[in-house]
Amino acid sequence: MYHQFCIDVPKRVAYSVYMQNDTHKPGDADIVRQVVGGDVNAFELLVKRHQALVMRIVQKHLPYSEVEETAQDVFIRAYRSLPAFRGSSDFSHWLSAIAVRTCYDYWRKAYRTREIPLSTLTDRHQQWLEKVMSAQSEAVTAPEGYRSEAGEVLDWALARLSAEDRMVIELFYFEGLSVKEAAKLLGWSVANVKVRSFRARKKLEKTLKSLISKKDRSSAHEIS
Amino acid sequence: MKSLEYRPGVLKNILLQAYHEKEKLQVGDQWHLNVMGTVRRLGPLQVKPDLLMQFGQFVWRLTPATCLLIIMSAAVLLKFDFTPDYNVLLSLFIADAEEISLVQLLPL
């Protein structure tokens, strides 16, 4: 969950707090001051400290092929925006917001230019679905040998949502962030996130139900 | 064949696991070198002067002079009684002040 990403500083321990407690190493705010003051090379310290955080965020939201390039974009944006960093919030929190918004911008562009791969699901995915739906307990792990199918079905379902709905679903339902936290990361109003999260969940449910009923219909057809 | 029942809890758990599995994928570690390459190409940041901050600095510098001016004005006003010359003001707006007074008195 995002507590690993140091979003809510009072409740969760920020990675940078460990660094700040080390008296030999400068804090993030000090490094930002150095960079803004003209020491470009000092930015490398921030990159090294927070690359894991940025990478975890970007990996979850984007296709594998886009991760490295987008992670670079995040840090370039952060560098350009450093003068605007006032130090009122934790640097890792500020950087997380940039990472999330960069991911959102990627999806907006992809949807606008219709570069979303609307892959079709194959028999392999249908078999996986059957295995999952016939499981006795709700506490299941992805069936052995079907891990990639789960990821592909997830991508398939999310590709049918808009960029906004996708981000809200991922932050609110998959990451478990609160509406307020998600709104802050995305830079949207709380009301907007609340309404979107409800609608996006309904859409996703409808998509997954249609997948199951399609499987059901094709099975019935085979029998007849 | 038994029809499949939509079990949101089951599917959600599986998809949640698939979502979190993505962060375990290995990524190259050269990309951060590209970041520094781009940052060095961009060069030092151009920090635009914050107008509000500049204004604040400017105002604070004038504060001692302003206070002195206020104190001196107060001293001058206390020493020389301030009585506005009403007649001068009136003459600016009314050409014949007496005529207007008669008009007001007589019901014309």
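I took buried to mean under 20% relative accessible area, exposed over 50%, and partly exposed in between. The model I looked at is a predicted one.

**Cysteines**

I began with Cys67(B), which has a relative accessible area of 40%. That lies between the two cut-offs, so I noted Cys67(B) as partly exposed. I then looked up Cys103(A), where the relative accessible area is 0%, and entered this residue as buried. I searched all chains for disulfides and the count came to zero.

**Chain A, overall**

I counted ten helices and zero strands in chain A. Of its 224 residues, 49% count as buried. I put the accessible surface of chain A at about 11,300 Å², and carbon and sulfur atoms hold 51% of that area. I also checked the contacts in chain A between residues at least 6 apart in sequence, and 66% of them join residues at least 24 apart.

For a single case I picked Leu53(A), which sits in helix α3 of chain A. Its relative accessible area is 7%, so I listed Leu53(A) as buried. I noted a C-alpha separation of 7.7 Å between Leu53(A) and Ser96(A), two residues that are 43 apart along the chain.

**Chain B, overall**

I found five helices in chain B and zero strands. Here 19% of the 108 residues count as buried. Chain B exposes about 9,100 Å², and I noted that 67% of this is supplied by carbon and sulfur atoms.

**Helix α2 of chain B**

I checked the length of this helix, which covers residues 31–42 of chain B. Twelve residues at 1.5 Å a residue should span 16 Å, and I have the end C-alpha atoms 17 Å apart, which agrees. I then listed the buried residues of α2(B): Trp31(B), His32(B), Val35(B), Met36(B) and Val39(B). Looking down the axis of α2(B), I found the buried residues within an arc of 150 degrees, so they line one face of the helix.

What covers the buried residues of α2(B)? I found that the cover includes α3 (43–61) and α4 (67–81) of chain A. Just after α2(B) comes Gly43(B), and I recorded a positive phi for this glycine, near 80 degrees.

**Nonpolar cores**

I looked next at the largest nonpolar core, which has 51 residues. Which of its residues touch the most other members? They are Phe43(A) and Leu82(A). I listed the elements that give two or more residues to this core: α2 (28–36), α3, α4, α5 (91–112), α8 (163–174) and α9 (179–186) of chain A, together with α2 of chain B. The largest share comes from α5(A), with eleven residues.

I followed the contacts of Phe43(A), leaving out residues up to four places away in sequence. On the chain A side, Phe43(A) touches Val35(A), Phe75(A), Tyr79(A) and Leu82(A). On the chain B side, Phe43(A) touches Val35(B), Met36(B) and Val39(B). I had already entered these three chain B residues as buried in α2(B).

Apart from this core I found another, of 27 residues. Among its members I noted Val132(A) and Ile212(A) from chain A, and Leu11(B) and Leu15(B) from chain B. As a general remark for the page, nonpolar side chains in soluble globular proteins tend to be buried together.

Methods: Residues numbered from 1 in each chain as written. Chains lettered and ligands numbered in written order. Predicted model: local features only at pLDDT ≥ 70, side-chain atom pairs only at ≥ 80, totals over all residues. Heavy atoms only, no water. Helix = DSSP H or I, 4+ residues; strand = E, 2+ residues; numbered from the N terminus. Buried < 20%, exposed > 50% of the residue type's maximum accessible area, 1.4 Å probe, protein only. Areas by Shrake-Rupley, 256 points an atom, 1.4 Å probe, with all protein chains shown as cover. Expected span 1.5 Å × (residues − 1). Arc of directions from axis to C-beta. Contact = heavy atoms within 4.5 Å. Disulfide = S-S within 2.5 Å. Core = buried A, V, L, I, M, F, W, Y, C linked by side-chain atoms within 4.5 Å.
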